[in-house]
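Work through the exercises below with the sequence and the model side by side. Try each task before reading its solution.

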Amino acid sequence: MHTSVLLDECIEYLNLKDDSIIVDCTLGYGGHSSEILKKISNGYLYAFDQDSDAIKYSMDRLGKISKNYEIIRSNFVNIKEELSKRNIIADGILYDLGVSSPQLDQDDRGFSFHKDAILDMRMDRKQRLSAYEVVNNYPLDKLVCILKEYGEEKYAYAIASCIVKSRPINTTLELVEVIKKSVPEKYKRGKHPARKTFQAIRIEVNDEINVFKKSLYDALDLLKIGGRICVITFHSLEDKACKEIFKSVSDIPNELKDMPVIPDKYLPKYKMVKTIKPSKEEIEKNNRARSAKLRIIERVR
Ligand SMILES: C[S@@+](CC[C@H](N)C(=O)[O-])C[C@H]1O[C@@H](n2cnc3c(N)ncnc32)[C@H](O)[C@@H]1O
């Protein structure tokens, strides 16, 4: 069984009640969803994923707990359309972003820089754009931008130039070799030198940051008063996006801050509840938790 990150904290801060309506935007292998389902015996869970393997697995896992759930096979960017179709507003919404450990471990998905596979990295295997296309067909300047922006990779130019010169690159381990050739020796002594490039390509392939931002804005509108959104991020770009959106909807505008009494209509609809990092014990047990952060926001009016 794969371990879900910050599970107890999510369950606590979602404020689950027996009849809560909860949306899990990232079902994965159902770790969070099963714990949620156990606590909402008269409520309902809607769970999104775009990965057929994850859905197949979780369908079984959730079915053993309750019938009160529906799996929505869709990108969570469609949260507004999907929930509107069902006439739903939620008591709680959860995002546990990124790829799951089974996706990373599966040999044929191409997410891992430790395993040889075709360059793929699509969470939704029906989509057209794959890592192969990004690595082999993107122009140099676009590759440099992606590595800088999505990977925060300081050797972006060197790596991108070497990629362009080494085309065609067919597999993940071929790409790793190209990256190793492009960076200084000292860079190879720290964390894996392909880590940031792989992150950047994965974000580009799945358009992860744009999709998350759009979905989160929509999710804020789909919350009941008193409802909460919990977001678990795994790298600084996702976390920055989440923090900025939460701040923008929970802050009093600067020009109003000095007013002795702020009229109700200008008061923010949301309040930030807490930001939580995993405990040392959780990080020791589950290495994936080391870079995780949970942010919680509540709709107050
Ligand atoms: C980190 S895993 C979730 C793990 C899950 N919380 C658990 O405890 O088992 C993230 C999951 O979200 C899915 N996912 C990521 N981005 C998505 C998106 N934009 N739309 C739908 N599913 C997405 C991935 O396919 C993956 O299965």
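**Exercise 1. Backbone angles and a cis bond**

Leu 6 lies in the segment before helix 1 (7–13); helices (H or I, at least four residues) and strands (E, at least two) are DSSP runs, numbered from the N terminus. The model is predicted: local features need pLDDT of at least 70, side-chain atom pairs count only at pLDDT 80 or more, and totals for chains, interfaces and linings use all residues. Residues are numbered from 1 along each chain as its sequence is written.

Task: state the sign of phi for Leu 6 and for Asn 87, and decide whether Leu 6 is buried or exposed and whether Asn 87 is buried or exposed.

Solution.
- Step 1. Recall the background: most residues other than glycine have a negative phi, and most peptide bonds are trans.
- Step 2. Read the angles. Leu 6 is not a glycine, yet its phi is positive, about 50°. Asn 87, also not a glycine, has a positive phi of about 60°.
- Step 3. Apply the burial rule: a residue is buried if 20 or more other C-beta atoms lie within 10 Å of its own, exposed if 12 or fewer, and partly exposed in between, with C-beta atoms placed from the backbone.
- Step 4. Leu 6 counts as buried because it has 23 C-beta neighbours inside 10 Å. Asn 87, in the loop between helix 4 (79–85) and strand 4, has 6 C-beta neighbours inside 10 Å and therefore counts as exposed.
- Step 5. For the cis bond, go to Arg 167 and Pro 168, where omega is about 0°. Pro 168 is in the loop between helix 8 and helix 9 (172–182).

**Exercise 2. Strand 5 and its partners**

Task: find which way strand 4 and strand 5 pair, and which way strand 5 and strand 7 run.

Solution.
- Step 1. Two strands pair if DSSP finds at least two bridges between them.
- Step 2. Strand 4 (residues 90–96) pairs with strand 5 in the parallel sense, over six bridges. Within this pairing, Leu 94 has Cys 230 as its bridge partner in strand 5.
- Step 3. Strand 7 (residues 293–299) is joined to strand 5 by six bridges, and the two run antiparallel. Here Ile 232 stands opposite Leu 294 of strand 7.
- Step 4. Check the surroundings: strand 5 (residues 223–233) is largely enclosed by the rest of the structure, because eight of its 11 residues are buried.

**Exercise 3. Helix 7 and Thr 197**

Task: compare the span of helix 7 with the expected value, then list its buried residues and what covers them.

Solution.
- Step 1. The expected span of a helix is 1.5 Å times one less than its number of residues. Helix 7 (residues 140–151) has 12 residues and reaches 15 Å from first to last C-alpha, close to the expected 16 Å.
- Step 2. Its buried residues are Leu 143, Val 144, Ile 146, Leu 147, Tyr 150 and Gly 151.
- Step 3. The cover over these residues includes helix 8 (156–166), helix 10 (195–206) and helix 12 (236–250).
- Step 4. Take one residue of helix 10, Thr 197. Thr 197 counts as buried because 29 C-beta neighbours lie inside 10 Å. Two residues are in contact if their C-beta atoms, placed from the backbone, lie within 7 Å. Beyond four places in sequence, the contacts of Thr 197 are Leu 147, Gly 151, Glu 153, Ile 159 and Ile 179.
- Step 5. Just after helix 7 comes Glu 152, with a positive phi near 45°.

**Exercise 4. Asp 49 and the ligand shell**

Task: place Asp 49 in its element, and say how many residues surround the ligand.

Solution.
- Step 1. Asp 49 belongs to strand 2 (residues 44–49). Asp 49 is buried, because 27 other C-beta atoms lie within 10 Å.
- Step 2. Leaving out residues up to four places away in sequence, Asp 49 touches Thr 26, Leu 27, Gly 28, Ala 54, Ile 55 and Arg 73.
- Step 3. A residue is near a molecule if its C-beta atom, placed from the backbone, lies within 6 Å of it. The ligand is surrounded by 21 residues, of which the closest are Ser 4, Thr 26, Gly 28, Gly 31 and Ser 100. Helix 2 (31–39) and strand 2 are the elements that give two or more residues to this shell.
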